[in-house]
Each structure stands twice: as C-alpha cells, then as structure tokens.
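Here are some short exercises to help you find your way around a protein model. Try each task yourself before reading the solution below it.

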Amino acid sequence: MTLDPVLLERQVERQRRGDRRNQGVVLLYAWVAFGAVSFVFASVARVPFPTRLWVAALGGVIGAVVTVVGVRVVQAVGERSMMAVLEPGGRGRDTAVYSHAEALAARGDLAGASQAFAQVRAEHGDRASLLRAEAEVQLRAEGDPSSARELLMRLRKAPDATRADELYATHRLVDLYLGPLADEARAMSELRRLAERFPGTRDAEGARAELERRRALRRHPDSPLS
C-alpha cells in the first residue's frame, strides 16, 4: 500500500506538536520538583531566605534542563533499538520517503517518477534503499537501462550500502550488460567481481562457471552458447 505523502506530513506534524507539549509539561514539573528540593537543601543549610529563592530557581532550571536532555537521550536510544529489531537493515523507514515516486512509476509515469526520485535524492542523499528502489523502476522493460546502470553503480558506493546491496547491484549489472546494454566485456568484469567479492557462495560459483563458459566460447566460437 502506498502512503499519501501529504497525509504522512500532517501526521508527522501532529506528532511533533504533541511531543513539544509533552516536553513542556515535563519541563514544568521538573522545574518545580528540582526547585523545591533545592529550596529545602538551602533551608537546611540556613541560607538566607532571599538567597533560597534564587537557589531554588537556579536548581529548578538546571534540573529541568538535565531532565529534558535525559528524556531525549532515552527516546533516541529506544528508537534506535526498536528500529534495529523491527528493521535490521534500517530500510523500512525510508519507504514513505519515496512512495510517491513509486506510485508514479506504477501508473506508468516514468518521467514523473524519475523527477520525484531526483527530488528525494537531492533532499536525502544517496541512501541505498532509495537508489535500489529507483534502479528497480529503471530496470523494468519500459525503463532506461543506462539510468539503471548509473543508479546501480551509485548503490554500491552508497555510505549505508550493505553486502546484500552490493550483491544485488552486481547481479543486476551483469543482467544489463548481457542484455539491453550489450557489453560482454563489462559483463565479464562484473562476473569476476562476483567471484572475487563473494567467495564460497553460490553466486561466486555461478559467476566462475559463467566466466569459464564464455571463455571457452571465445576459444571455440563454433560451439553452442548453452
């Protein structure tokens, strides 16, 4: 299901307003609580009354600031921990960012989808999930193979790219070079990359087998390519 970006933005803004209200309430209670404690300690220490008020006010401010900072730190740690459990790759949260572009592509508006993807990349940078989603659109029969190639190359270099992203991009590049781009030399280069970068895997074994088959075909051009 595709998320409506306008509704999503409204939901995010409502959540932000609620968070600000909650933080204001926490700040007020913390100021009162720490101020009262500071006043009591100042009284026990026999600090003159006017000074006690200043001590209470300062203690409340310091306590409130420490409390708010602590709450934000705990929230940030909790969010990261939850995302690590729910989204080990950290990718699901990006889906809403480019859902509008995918919706345009689903309707057959590849030009609009490309423009939407470009706008998202300009705002969020070369995220691996974003590049992969855009590459998948361009890999369709009606897509642009050259654009797909560029996106896959960038995907492998993305700061948050994983080994799975590299493997996916390399496989798709092989498909492009053996298919619409018709560049066997680069296809073999990507096959060698698969064999070298993923040793001990079925992908590497398959790449080596395909390399040997194509080398044999070059040595014996009359043999069937099968």
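**Exercise 1.** Is Val-65 buried, partly exposed or exposed?

*Solution.* Keep in mind that you're looking at a predicted model. Start by finding Val-65, which sits in helix 2. Next, take its relative accessibility, which comes to 47%. Buried would need a value under 20%, and exposed one over 50%. So Val-65 counts as partly exposed, at 47%.

Now look around it. Val-65 belongs to a nonpolar surface patch, together with Leu-28, Trp-31, Val-32, Val-61 and Val-69. That patch covers about 540 Å². Helix 1 (5-44) and helix 2 (49-86) each supply at least two of the patch residues.

**Exercise 2.** Work out what the protein is built from, element by element.

*Solution.* Count the helices and strands: there are nine helices and zero strands. Read from the N terminus, the order is therefore α-α-α-α-α-α-α-α-α. Then check how much is covered: buried residues make up 29% of the 226 residues.

**Exercise 3.** How do helix 4 and helix 5 lie relative to each other?

*Solution.* First, locate the two helices: helix 4 spans residues 110-124, and helix 5 spans residues 128-138. Second, take the packing angle, about 165°, with the axes 11 Å apart. Third, compare that angle with the cut-off: over 145 degrees counts as roughly antiparallel. Helix 4 and helix 5 are therefore roughly antiparallel to each other. To finish the description, add that their crossing is left-handed.

**Exercise 4.** How many of the residues in helix 5 are buried?

*Solution.* Go along helix 5 and tick off each buried residue. The buried ones include Ala-128, Ser-129, Leu-130 and Leu-131 at one stretch of your list. Carry on and you'll also tick Ala-133, Glu-134, Ala-135, Val-137 and Gln-138. That gives nine of 11 residues, and helix 5 is mostly covered.

**Exercise 5.** Which side chain meets Arg-121 in a salt bridge?

*Solution.* Some background helps here: side chains of opposite charge can pair when their charged atoms come close. The partner is Glu-134, at 2.7 Å from N to O. This pair links distant parts of the chain, since Arg-121 is in helix 4 and Glu-134 is in helix 5, 13 residues apart. Now check the cover on each side. Arg-121 has a relative accessible area of 16%, so it is buried. Glu-134 has 5% relative accessibility, so it counts as buried too.

**Exercise 6.** Look at the salt bridges of helix 8 and helix 9, and describe what you find for Glu-184 and Arg-214.

*Solution.* Glu-184 forms a salt bridge with Arg-214, with the closest N and O atoms 3.3 Å apart. This pair also links distant parts of the chain: Glu-184 is in helix 8 (residues 184-197) and Arg-214 is in helix 9 (residues 202-219), 30 residues apart. Glu-184 is partly exposed at 31% relative accessibility, whereas Arg-214 is buried, with a relative accessible area of 11%.

Next, stay in helix 9 and look at Arg-215, which forms a salt bridge with Glu-212. Their closest N and O atoms are 3.2 Å apart. Arg-215 and Glu-212 are three residues apart in helix 9, so about one helical turn separates them. Arg-215 is partly exposed at 29% relative accessibility, and Glu-212 is partly exposed at 42%. Salt bridges that share partners also join Glu-184, Glu-210, Arg-213 and Arg-214 into one network. Across the whole structure, a search finds 14 salt bridges.

**Exercise 7.** Where does Arg-46 lie?

*Solution.* Arg-46 is in the loop between helix 1 and helix 2. Its phi is positive, about 60°, although Arg-46 is not a glycine. That's worth noting because most residues other than glycine have a negative phi. Arg-46 counts as exposed, at 75% relative accessibility.

Now try Ala-182, in the loop between helix 7 (163-178) and helix 8. Ala-182 isn't a glycine either, and its phi is positive at about 50°. With a relative accessible area of 64%, Ala-182 is exposed.

**Exercise 8.** Is Ser-146 buried, partly exposed or exposed?

*Solution.* Find Ser-146 in helix 6 (residues 145-157). Its relative accessible area is 46%, so Ser-146 is partly exposed. Finally, look across to Leu-176, 30 residues apart from Ser-146 along the chain: their C-alpha atoms are separated by 8.8 Å.

Technical notes
Residues are numbered from 1 along each chain as its sequence is written. This is a predicted model: local features need pLDDT of at least 70, side-chain atom pairs count only at pLDDT 80 or more; totals for chains, interfaces and linings use all residues. Side-chain values use heavy atoms; hydrogens and water are left out. Helices (H or I, at least four residues) and strands (E, at least two) are DSSP runs, numbered from the N terminus. Buried means under 20% relative accessible area, exposed over 50%, partly exposed in between (1.4 Å probe, protein chains only). Patches are made of residues with over 30% relative accessible area and no salt bridge: like charges are joined within 9 Å, nonpolar side chains (Val, Leu, Ile, Met, Phe, Trp, Tyr) within 5 Å. Accessible areas come from the Shrake-Rupley method with a 1.4 Å probe; for residues, only the protein chains shown count as cover. A salt bridge is a side-chain nitrogen of Lys or Arg within 4 Å of a carboxyl oxygen of Asp or Glu. Axes are lines fitted to C-alpha atoms, for helices over the stretch in contact, and angles run from 0 to 180 degrees between N-to-C directions. Angles under 35 degrees count as roughly parallel, over 145 as roughly antiparallel, 65 to 115 as roughly perpendicular and the rest as oblique. A crossing is left-handed if the near helix is turned anticlockwise from the far one by less than a right angle, and right-handed if clockwise.
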